[in-house]
Structures are given as C-alpha cells and as structure tokens.
Amino acid sequence: DEEAAQEVLHLNPPPGRRYGDCWDTAKHPDDLKPMAEVATAAFATGATSWQQEFRCIDGHGRVHTFMQAASIETLVHGHWHVATVNTDITDRVTVEEALRTSEERLSTIFHLSPTAICIVRASDNRFIDANEAFINGTGYTREEIIGHTPAELRLWNDDAEREAIVR
C-alpha cells in the first residue's frame, strides 16, 4: 500500500513515476551491493526466503533502517515471484545504539575508575567482574577472582565486617 508506505518513508516521486519506483533510488548507497548479494545468494541456492536490514534516505534526508523479509516462489527455471515486506525498525536501531553507547560508557567508567569496584552475582555471591583497582588491591589475578566468592578468596578477615558493608 503506497499511501501507508509514504507515511513511513517520505519520498517524492517525479511526475509519471510511482512511489514504489523510488525505493531503489532511496536505498543507502552503502547497502546496495550487500542487498544484491543476499538476494543473489538466495536465488543461487534455491532458498525460499531471505531477511536483511538496509537503510533508505527519505525525501527530507533522514535515514531510516528497515528489516526486509522476502519470500521467493520459483515460477520456472530462472524466473521467480518475490514478495517483500519492509518494516521500519529505525526506532529500535536508535534505541539499541543508545544502549550500546551507554554500556560502553559505563564499562569505561567501571574499568578505568581508580576506586576498587567489583560485581558480585546476588544468587551465589560469585564475582562476575572486577576492575583493575580491585584486582590490584587484592593481589589476585582476574582469573583467580572471577567465578569465586569473597569467602573462597578470604578477602574478609571478619565476616561481620563484610556483612556491615554489604548492607
């Protein structure tokens, strides 16, 4: 449905051309070759479908990311009917990128902090990560710490002292 698609990806077809004709020119130049390779491989192997992500640039210059699900029906040797559904996943991709950036920032802070920091799994009290300051402060290597409990490593002289800090 071209009208519904136009709501998602604003393209301005020239006079005499349909909205669907604009998709090829809207595809991001860096995605054209990989998209063709996915389709070619599907045809060459006799696959009945393919999925891929690609980007398009709308009439306002904004980049949209789409997930394409294609279904291939072989008509006769060398001729196919291909139906595609292109779903705008721009919001999801944007959120995933923001999450990745946030995780990288947190990881940098964690690992470069001069303060000793460790992460202990609540369910079994085992270390799952520790920064360099923590490792240097204990005298153990990362490999000796990860997967063990503070009790196994005898990091506390007094269990009551540990309980007071944990609370």
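Visitor: Leaving aside its neighbours within four places in sequence, which residues is Ala42 in contact with?
Guide: Bear in mind that this is a predicted model, where local features need pLDDT of at least 70, side-chain atom pairs count only at pLDDT 80 or more, and totals for chains, interfaces and linings use all residues. Residues are numbered from 1 along each chain as its sequence is written, and side-chain values use heavy atoms, with hydrogens and water left out. Contact here means heavy atoms within 4.5 Å. With the neighbours within four places set aside, the contacts of Ala42 are Ala47, Ser49, Trp50 and Ile72.

Visitor: Is Ala42 buried or exposed?
Guide: Ala42 belongs to helix α3. The scale runs on relative accessible area: under 20% is buried, over 50% is exposed, and partly exposed is in between (1.4 Å probe, protein chains only). Ala42 comes in at 5%, so it counts as buried.

Visitor: How many Å apart in space are Ala42 and Gly147?
Guide: In sequence, Ala42 and Gly147 are separated by 105 residues. From C-alpha to C-alpha, their separation in space is 44 Å.

Visitor: What pattern of helices and strands does the protein follow along the sequence?
Guide: Helices (H or I, at least four residues) and strands (E, at least two) are DSSP runs, numbered from the N terminus. By that count the protein has 8 helices and 5 strands. Reading along the sequence, you get α-α-α-β-β-β-α-β-β-α-α-α-α.

Visitor: Is the protein more spread out than a compact globule, or is it the opposite, and what is its radius of gyration?
Guide: The radius of gyration is taken over C-alpha atoms, and the globule rule is 2.2 Å times the number of residues to the power 0.38. For 167 residues that rule gives 15 Å, and the protein is well over it, so it is more spread out than a compact globule. The C-alpha trace spans about 80 × 40 × 25 Å along its principal axes. As for the radius of gyration, it is 27 Å.

Visitor: What percentage of the protein's residues count as buried?
Guide: The accessible surface, from the Shrake-Rupley method with a 1.4 Å probe (for residues, only the protein chains shown count as cover), comes to about 11,600 Å², with 54% of it on carbon and sulfur atoms. Out of 167 residues, the buried share is 22%.

Visitor: Which element gives the most to the largest nonpolar core?
Guide: A nonpolar core is a set of buried Ala, Val, Leu, Ile, Met, Phe, Trp, Tyr and Cys residues joined through side-chain atoms within 4.5 Å. The largest one has 10 residues: Leu9, Leu11, Tyr19, Cys22, Trp23, Ala26, Met35, Phe54, Cys56 and Phe66. At least two of these residues come from each of α2 (22-26) and β1 (49-57). With 3 residues, the top contributor is α2.

Visitor: How many residues are in the second, separate core?
Guide: Ala130, Ile135, Ile145 and Leu153 are among its members. Altogether, the number of residues in this core is 6.

Visitor: Is Lys27 buried or exposed?
Guide: Lys27 sits in the loop between α2 and α3 (29-45). Beyond its neighbours within four places in sequence, it is in contact with Leu32, Met35, Phe54, Arg55 and Cys56. Its relative accessibility is 17%, so Lys27 counts as buried.

Visitor: Where does Thr65 lie?
Guide: Thr65 is at 11% relative accessibility and therefore counts as buried. Its contacts, leaving out neighbours within four places, include Phe54, Thr87 and Val93. The element that holds Thr65 is strand β2 (residues 63-76).

Visitor: What is the phi of Asn125?
Guide: Most residues other than glycine have a negative phi. Asn125, in the loop between β4 (118-121) and β5 (126-130), is partly exposed at 27% relative accessible area. It is not a glycine, yet its phi is positive, at about 65°.

Visitor: What about Arg154, and what is its phi?
Guide: Arg154 is in the loop between α7 (150-153) and α8 (159-166). At 73% relative accessibility it counts as exposed. Though not a glycine, Arg154 has a positive phi of about 55°.

Visitor: How many Å apart in space are Glu97 and Thr74?
Guide: Glu97 is in helix α4 (residues 90-112) and is partly exposed, with a relative accessible area of 41%. Thr74 is 23 residues away from Glu97 in sequence. Going C-alpha to C-alpha, the two are apart by 38 Å.
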